[in-house]
Every structure is written in structure tokens, then in C-alpha cells.
Amino acid sequence: MAKKALSIRPRQAPGADALPLPGQAQGGRSGARGSGTPVRIDWPATLADGRPRKRADLHWQTRRLRPGELWLVIVDASASTRRHGALAQAKGLLAELFASAYRQRARLAVLEAGGAEARWLWQGQKASAELHAWLQQLGAGGGTPLIEALQLARPWLLRRQRHKPGERQRLLLLTDGRLRDWPALATLPCPGLLLDIERAPIRLGRARQLTLELGADYLHIDDLAPSTRAPIWNRP
């Protein structure tokens with residue numbers, strides 16, 4: 001049996017003691033539903049055409065199925081995100097997002113961009129306790145391999161789109177945008193939201209430029225309304 005490449009090994013990192021602060025990614029309604037397979041006879045519709053004499057005369061009710069969803073989350077865990085409670089607030093929001101994914105049966109993919117390199121933690125599985133355990137010990141430190149994470153995410157999403165053409169994909173990028181420079185970036189292959197977690201008194205504002213290049217929506221974490229129950233990427 002091939003060795004699992006995506007197992008999450010708990011590791012204590014600088015800043016891991018940053019406790020999650022309350023976030024605002026609470027629930028949200030599911031999207032449109034599509035038709036499923038017949039599950040039982042629709043007698044009113046059947047009898048409206050007269051007494052059925054053969055199976056072909058029957059009308060069937062169909063079960064409404066929720067289109068499959070994938071939420072890809074890229075977390076900037078560089079040292080700068082530890083400042084001013086940014087990491088703690090982001091962790092609280094992610095905890096709620098993972099719980100929402102579990103309730104809505106959305107698949108999750110998670111990329112951590114911190115330290116020496118970006119690494120996959122989850123690649124299309126359902127939310128589980130293992131993912132919450134990773135979040136609890138998530139710390140911040142080292143460099144910012146954020147561009148590497150984006151370069152990993154794009155071809156992975158495109159391959160998944162070919163294999164699952166009916167799946168609805170969303171990308172959430174949490175970053176403070178504190179990069180010195182970066183190469184030209186291709187736009188995201190799915191709807192995306194950049195959640196700016198820069199909270200320093202003097203802000204560089206580079207996350208906005210990154211948002212424009214990616215073709216994503218922009219939102220600052222301080223602007224989230226806690227009473228809003230819409231999915232985070234649909235918030236005003």
C-alpha cells in the first residue's frame with residue numbers, strides 16, 4: 001500500500017500558542033441544487049394522466065442533490081502574520097470555516113505557506129478532527145513561500161476540474177501580503193477571495209496588488225461582520 005503523502009504530523013511552531021480568536025465564517029446556505037436519480041413514484045402527477053398500466057406510465061420524484069463543492073484554503077504562516085493578533089484571528093475564522101465545510105459536505109484542500117516551503121495538508125478530503133488538530137498547533141515563522149503555494153494550487157485545481165467538471169470550486173487566500181516582490185502571476189482558475197490579515201499600525205497594502213493580479217475579490221479581516229452568516233467569499 002502506498003504511503004500516505006498527505007498525513008498531518010503535529011509539530012510545534014513559533015506562534016503556535018496563538019489561541020484562535022472568534023472568527024466570522026459561520027455556516028451559510030448551500031448553493032443551487034441539481035436533479036438526482038428517481039427515488040419514489042409521484043402519484044399525483046401519475047394519476048393526472050390516468051390509471052397507469054405499465055412502468056413507463058409512472059412519474060417519478062427525484063431527489064435533489066447538492067453539487068459537489070471544493071474549498072481550497074491557502075494560509076500564509078510567515079513570521080509577519082504573528083504580529084498584532086493576526087494569526088490568532090485567522091485561526092478562529094478557519095476553525096469556523098472547517099466546521100462549515102463539514103456541515104455543508106464540502107471537500108477541503110489546504111496549503112500551508114510558511115517556513116522554507118509550501119506544503120499540502122489536505123487535498124480534497126472531508127473536514128476531520130485531524131485538520132482541526134493541525135489548526136490548533138499552527139504557528140508562524142520563517143519566510144513566505146506564498147508564491148510557491150499559488151504555483152502549486154493552480155495546476156492542481158486545473159487537473160481536478162478536468163476530473164470533476166461539475167464541482168464548484170472556491171479559493172480562500174489568507175495573507176498579510178508582506179512580500180518583497182513576486183513574478184507575474186496568472187489569474188486564479190476559480191472564484192477566489194484574498195482575506196487581508198495585515199494588522200500592523202503602518203500597513204504596506206501589498207495584498208491589494210496581489211488581489212488584482214490574481215483576479216480575486218478583496219476583503220480585510222477587520223471588515224468582517226460577525227453577524228453575517230453568508231459564506232466568507234460572498235460577504236460584502
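Modeller: Let's begin with a definition: helices (H or I, at least four residues) and strands (E, at least two) are DSSP runs, numbered from the N terminus. Counted that way, the protein chain holds 5 helices and 8 strands. Please keep in mind that this is a predicted model.

Colleague: Thanks! In what order do the elements of the protein chain run from the N terminus on?

Modeller: They run β-α-β-β-α-β-β-α-α-β-β-α-β. As for how the chain folds back on itself, 74% of the contacts with a separation of 6 or more are between residues 24 or more positions apart.

Colleague: Now the sheet. What is the strand order of the open sheet of 6 strands?

Modeller: The order is 5-4-3-6-7-8, and the pairing is mixed. Strand 5 and strand 8 (217–220) are the edge strands; each has a single partner strand, so one side of each lacks a neighbour in the sheet. From one strand to the next, the twist averages 15°.

Colleague: How many bridges join strand 3 to strand 4, and do these strands run parallel or antiparallel?

Modeller: Strand 3 and strand 4 run parallel and are joined by 7 bridges. To find the register, look for bridge partners: Trp71 is paired with Leu108 of strand 4, and Val75 stands opposite Glu112 in strand 4.

Colleague: And what happens on the other side, between strand 4 and strand 5?

Modeller: There the strands run antiparallel, again with 7 bridges. Leu111 has Trp120 of strand 5 as its bridge partner. The two strands make a hairpin with 2 residues between them, and Gly115 in the turn has a positive phi of about 80°.

Colleague: Is strand 4 largely enclosed or left open, and why?

Modeller: Buried means under 20% relative accessible area. In strand 4, 7 of the 8 residues are buried, so this strand is largely enclosed by the rest of the structure. Over the whole protein chain of 236 residues, 44% count as buried.

Colleague: How should I read the nonpolar core?

Modeller: As a general idea, nonpolar side chains in soluble globular proteins tend to be buried together. In this model the largest nonpolar core has 30 residues, and Leu94, Phe98, Leu108, Trp134 and Leu195 have the most contacts inside it. Elements that each supply at least two of its residues include strand 3 (69–76), helix 2 (86–104), strand 4 (107–114) and helix 3 (129–137). Helix 2 gives the largest share, 8 residues. A second, separate core has 27 residues, among them Leu72, Leu157, Cys190 and Ala207.

Colleague: Which residues does Leu108 touch, leaving aside those up to four places away in sequence?

Modeller: Its contacts include Leu70, Trp71, Phe98, Ala101, Trp122 and Leu131. Phe98 is also among the residues with the most contacts inside the largest core.

Colleague: How do the helices sit on the sheet? Which strands does helix 2 lie across?

Modeller: Helix 2 lies across strand 3, strand 4, strand 6 and strand 7, and runs at about 165° to strand 3. For helix 3, the buried residues are Leu131, Trp134, Leu135 and Gln137. They pack against strand 3, helix 2, strand 4 and strand 5.

Colleague: What about helix 4: which of its residues are buried?

Modeller: Leu146, Ile147, Ala149, Leu150, Ala153, Trp156, Leu157 and Arg160 are buried. Their cover includes strand 3, strand 4, strand 5, strand 6 and helix 5 (206–214). A length check is useful too: at 1.5 Å a residue, the 18 residues of helix 4 (residues 146–163) should span 26 Å, and the end C-alpha atoms are 26 Å apart, which agrees.

Colleague: How many aromatic pairs does a search of the whole structure find?

Modeller: The search finds 1 pair. Planes under 30 degrees apart count as stacked and over 60 as edge-to-face. The ring centres of Trp120 and Trp156 are 5.0 Å apart and their planes stand at 45°, so the pair is tilted. The pair links distant parts of the chain, with Trp120 in strand 5 and Trp156 in helix 4, 36 residues apart. Both residues are buried.

Colleague: One last tryptophan: where does Trp60 lie?

Modeller: Trp60 lies in strand 2 (residues 60–65). With 31% relative accessibility, Trp60 counts as partly exposed. Thr46 is 14 residues from Trp60 in sequence, and their C-alpha atoms are 8.2 Å apart in space.

Conventions
Residues are numbered from 1 along each chain as its sequence is written. This is a predicted model: local features need pLDDT of at least 70, side-chain atom pairs count only at pLDDT 80 or more; totals for chains, interfaces and linings use all residues. Side-chain values use heavy atoms; hydrogens and water are left out. A nonpolar core is a set of buried Ala, Val, Leu, Ile, Met, Phe, Trp, Tyr and Cys residues joined through side-chain atoms within 4.5 Å. Buried means under 20% relative accessible area, exposed over 50%, partly exposed in between (1.4 Å probe, protein chains only). Contact means heavy atoms within 4.5 Å. The expected span of a helix is 1.5 Å times one less than its number of residues. Rings of Phe, Tyr and Trp (its six-membered ring) pair if their centres lie within 6.5 Å; planes under 30 degrees apart count as stacked, over 60 as edge-to-face and the rest as tilted. Two strands pair if DSSP finds at least two bridges between them. Axes are lines fitted to C-alpha atoms, for helices over the stretch in contact, and angles run from 0 to 180 degrees between N-to-C directions.
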